[in-house]
Amino acid sequence: MSDLGHDSPLLVIVDAANVVGSVPDGWWRDRHGAAVRLRDRLAAEGLPGHDGPVEFVLVVEGAARGVESVPGVPVEAAPGSGDDHIVALVARHAGRPRLVVTADRELRRRVTELGAEVTGPRAVRP
């Protein structure tokens, strides 16, 4: 991952539904619990392979909307589409380095058009 040379820490926006859905581990039986496990992994491990400071935002939708923030990992419940909320976050934080974690092709296209970098779910999942 590149150091973009900005003073602000890297903003890492995680598409919870996409990352959780990337591994067929039974997440569909407990979407809320799967999002909690992802949140807790982010809080404990940060962004593997990235040396600098990061700020996380975990975006949840649907059945995972009740997941609460923890120190180091604020959780935002998308009022509608998770993808639309992620795009709005990327746009709101223009001028600082942003990394979106998702495998969703359309979302990747939308956020890169706004200047964000993207990486796949393996960046935050074992």
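This report describes the overall fold of a predicted protein model and then the surroundings of selected residues.

## Overall architecture

The protein contains four helices and five strands. Read from the N terminus, these elements follow the order β-α-α-β-β-α-β-α-β. The radius of gyration is 13 Å, close to the 14 Å that the globule rule gives for 126 residues, so the protein is as compact as a globular protein of that length. Along the principal axes, the C-alpha atoms occupy a box of roughly 40 × 30 × 25 Å.

Burial and contact statistics complete this description. Of the 126 residues, 43% count as buried. Among contacts with a separation of 6 or more, 59% are made by residues 24 or more positions apart. The accessible surface amounts to about 6,600 Å², and carbon and sulfur atoms contribute 49% of this area. The protein carries 15 positive and 18 negative charges, and the mean positions of these two sets are 5 Å apart.

## Helix H2: Arg-39 and Ala-43

Helix H2 spans residues 31–45 and includes Ala-43. Arg-39 is also placed in helix H2. With a relative accessible area of 10%, Arg-39 is buried, because this value falls under the 20% cut-off. Ala-43, at 41% relative accessibility, is instead partly exposed.

Not counting residues up to four places away in sequence, Arg-39 touches Leu-58, Val-67, Glu-68, Val-70, Val-73 and Val-75. The C-alpha atoms of Arg-39 and Val-70 are separated by 7.9 Å, although the two residues are 31 residues apart along the chain. Ala-43, leaving aside its neighbours within four places in sequence, is in contact with Val-70, Pro-71 and Val-73. Val-70 and Val-73 therefore appear among the contacts of both Arg-39 and Ala-43. A further C-alpha separation, from Ala-43 to Ala-116, is 22 Å for residues 73 apart along the chain.

## Helix H3 and the loop before it

Pro-79 is located in the loop between strand S3 (75–77) and helix H3 (82–92). Its relative accessible area of 73% makes Pro-79 exposed. Beyond residues up to four places away in sequence, Pro-79 touches Arg-65 and His-85. The C-alpha atom of Pro-79 is 9.4 Å from that of Val-60, a residue 19 positions away along the chain.

Val-87 belongs to helix H3. In contrast to the exposed Pro-79, Val-87 is buried, with a relative accessible area of 14%. Its contacts, leaving aside neighbours within four places in sequence, are Leu-107, Arg-110, Val-111 and Leu-114. The C-alpha atoms of Val-87 and Ile-13 lie 9.7 Å apart, with their positions 74 residues apart along the chain.

The C-alpha separations given above are collected in the following table.

| Residue pair | Separation along the chain | C-alpha separation |
|---|---|---|
| Arg-39 and Val-70 | 31 residues | 7.9 Å |
| Ala-43 and Ala-116 | 73 residues | 22 Å |
| Pro-79 and Val-60 | 19 residues | 9.4 Å |
| Val-87 and Ile-13 | 74 residues | 9.7 Å |

## The aromatic pair

A search of the whole structure returns one aromatic pair. The pair is formed by Trp-27 and Trp-28, whose ring centres are 5.6 Å apart and whose planes stand at 80°, so the arrangement is edge-to-face. This assignment follows because planes over 60 degrees apart count as edge-to-face. The two tryptophans fall into separate accessibility classes: Trp-27 is buried, with a relative accessible area of 18%, whereas Trp-28 is partly exposed at 44% relative accessibility.

Methods:
Residues are numbered from 1 along each chain as its sequence is written. This is a predicted model: local features need pLDDT of at least 70, side-chain atom pairs count only at pLDDT 80 or more; totals for chains, interfaces and linings use all residues. Side-chain values use heavy atoms; hydrogens and water are left out. Helices (H or I, at least four residues) and strands (E, at least two) are DSSP runs, numbered from the N terminus. The radius of gyration is taken over C-alpha atoms; the globule rule is 2.2 Å times the number of residues to the power 0.38. Buried means under 20% relative accessible area, exposed over 50%, partly exposed in between (1.4 Å probe, protein chains only). Contact means heavy atoms within 4.5 Å. Accessible areas come from the Shrake-Rupley method with a 1.4 Å probe; for residues, only the protein chains shown count as cover. Lys and Arg count as positive and Asp and Glu as negative; His and the chain ends are not counted. The place of a charge is taken as NZ of Lys, CZ of Arg, CG of Asp or CD of Glu. Rings of Phe, Tyr and Trp (its six-membered ring) pair if their centres lie within 6.5 Å; planes under 30 degrees apart count as stacked, over 60 as edge-to-face and the rest as tilted.
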